[in-house]
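Got your viewer open? Let's take a walk through this one, one selection at a time.

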Amino acid sequence: MDVLIALGTNAAYFYSVYSVLRAATSPAFNASDFFETSSMLISFILLGKYLEVLARGKTSEAIAKLMDLAPKTATLLTIDDKGIVVNEKEVDSRLIQKNDVIKTIPGSKVACDGLVIWGQSLINESMITAESRPVTKRTGDIVIGGTLNENGVLHIKAAKVGSETALSQIVRLVESAQMAKAPVQRFADHISKYFMPLVIALSFCTWVSWFLAGMFKAYPRTWIPSSMDSFELSLQFGISVMVVACPCALGLATPTAVMVGTGVGASLGVLIKGGQALQSAQEVNCIVFDKTGTLTIGKPMVVNTRLFKTMVPQEFYELIAAAEVGYCLVYDSSLGRSIHTLNKI
């Protein structure tokens, strides 16, 4: 595509320069120039490149959001031979090494993939499983980096750090999916091997055929404008063939569409494994979901109440909320929290 753009715009520009110089030296010469063709064609290509850069920027933002799921810092514990914590300090999460012990407090995110060696808590793993219900974690259980610790203190022994974590693998999957070529893109690349030489050959053949036809008077002289000769007319036809074939929309739009599609999907929690999956999606007519958490907003709420005894609704809500207080404190029930929210309303 770049070769055709360069040849087409340069041909139109230098032909225009030739026309201007000949008009300046020959008062009878009055041919048209095509400076605007070169400028407009280059402007459209630059606009397309600019839109592509914006699309890539949005995709980079989506990947950055995935990376932001991991905490920036972590609390590193120093434990003696007796298993007693002798020191704790805040460090950059990127400095965590295997077998380090990390302290995770309620409301913070797990810094790395690891094993719980002390404590009990509820971990929100919806970023991985799409299930809104927290999972109980005790000693010996595995936790995933980037998940949210909700109500207890945990001591976690780091097992996977850096690029080995599940979150890093997800980011790497998104990046590799964006770089993978869709079948239609591979087809376009295959065509481009022959498209560019074919266009140049057709342009050259057009110019030669019209030039020879003019030399041997194969067409009426009235076809040639009064301010031109057969050479200039044939040159215009050859340039026209090359300029028309310059903007290759398929080569410009396909990789951008794949990159934007996978990036937007990642920001919405949908991981798309490359352009082939996107291209195959057009043939899908039925979708099966394995869990309700994929379809819901992930936050249960009370939508309706029905009383079988005469009672003021606000009093009923207060009694239910009071009964749920202890359960929420012990088990951190998401349903209990939804009842508290209804009581506040």
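Is Asn-124 buried or exposed? Select it and have a look before reading on. Asn-124 is buried, with a relative accessible area of 17%, and keep in mind throughout that you are looking at a predicted model. The residue belongs to strand S5, which covers residues 121-124. Now show what surrounds it: beyond its neighbours within four places in sequence, Asn-124 is in contact with Glu-131, Ser-132, Pro-134, Thr-147, Leu-148 and Glu-150. Put a distance label between the side chains of Asn-124 and Ser-126, and you'll find a polar contact of 2.9 Å. For one more label, try Lys-109: its C-alpha is 9.4 Å from that of Asn-124, with the two positions 15 residues apart in sequence.

Stay in this neighbourhood and select Glu-125 and Lys-137. Their side chains meet in a salt bridge, 3.2 Å from N to O. Lys-137 sits in strand S6 (residues 135-137) and Glu-125 in the loop between S5 and helix H3 (126-129), so the pair ties together parts that are twelve residues apart in sequence. Both Lys-137 and Glu-125 are buried.

Next, switch to cartoon and find the sheet. It is an open one of six strands, ordered S2-S1-S3-S9-S4-S7, with antiparallel pairing. At the edges you have S2 (85-92) and S7 (142-143), each of which pairs on one side only.

Walk across it in steps:

- Select S1 (residues 73-79) and S3 (residues 101-104): three bridges hold this antiparallel pair. Pick Leu-76, and its bridge partner in S3 is Ile-102.
- Move on from S3 to S9 (residues 154-160), again an antiparallel pair, over four bridges. Here Thr-104 stands opposite Leu-154 in S9.
- Finish at S4 (residues 113-119), joined to S7 by two bridges and running antiparallel to it. Leu-115 faces Ile-142 in S7.

Back to charged side chains. How many salt bridges does the structure hold? There are four. You've already met Lys-137 with Glu-125, so try Lys-103 and Glu-88, whose closest N and O atoms are 3.5 Å apart. Lys-103 is in strand S3 and Glu-88 in strand S2, so this pair ties together parts that are 15 residues apart in sequence. Lys-103 is partly exposed, at 23% relative accessible area, and Glu-88 is partly exposed too, at 41%.

Then select Glu-164 and Lys-98, another salt bridge, with 3.4 Å between the closest N and O atoms. This one links distant parts of the chain: Glu-164 is in the loop between S9 and H4, Lys-98 in the loop between S2 and S3, 66 residues apart. Glu-164 counts as partly exposed at 35% relative accessibility, and so does Lys-98 at 45%.

Slide along to Thr-165, in the loop between S9 and helix H4 (166-179). At 9% relative accessibility, Thr-165 is buried. Its side chain reaches the backbone oxygen of Gly-162 at 3.2 Å. Leaving out neighbours within four places in sequence, Thr-165 is in contact with Asp-113 and Lys-160.

Last stop: turn on the surface and select Met-40, Phe-44, Leu-47, Tyr-50, Leu-51 and Leu-54. Together they form a nonpolar surface patch with about 620 Å² of accessible area. Zoom in on Leu-51, which lies in helix H2 (residues 35-67) and is partly exposed, at 49% relative accessibility.

Conventions
Residues numbered from 1 in each chain as written. Predicted model: local features only at pLDDT ≥ 70, side-chain atom pairs only at ≥ 80, totals over all residues. Heavy atoms only, no water. Pairing = 2+ DSSP bridges. Patch = residues over 30% accessible without salt bridge, like charges linked within 9 Å, V, L, I, M, F, W, Y side chains within 5 Å. Areas by Shrake-Rupley, 256 points an atom, 1.4 Å probe, with all protein chains shown as cover. Buried < 20%, exposed > 50% of the residue type's maximum accessible area, 1.4 Å probe, protein only. Contact = heavy atoms within 4.5 Å. Polar contact = N/O pair within 3.5 Å; in protein donor to acceptor, adjacent residues only side chain to side chain.
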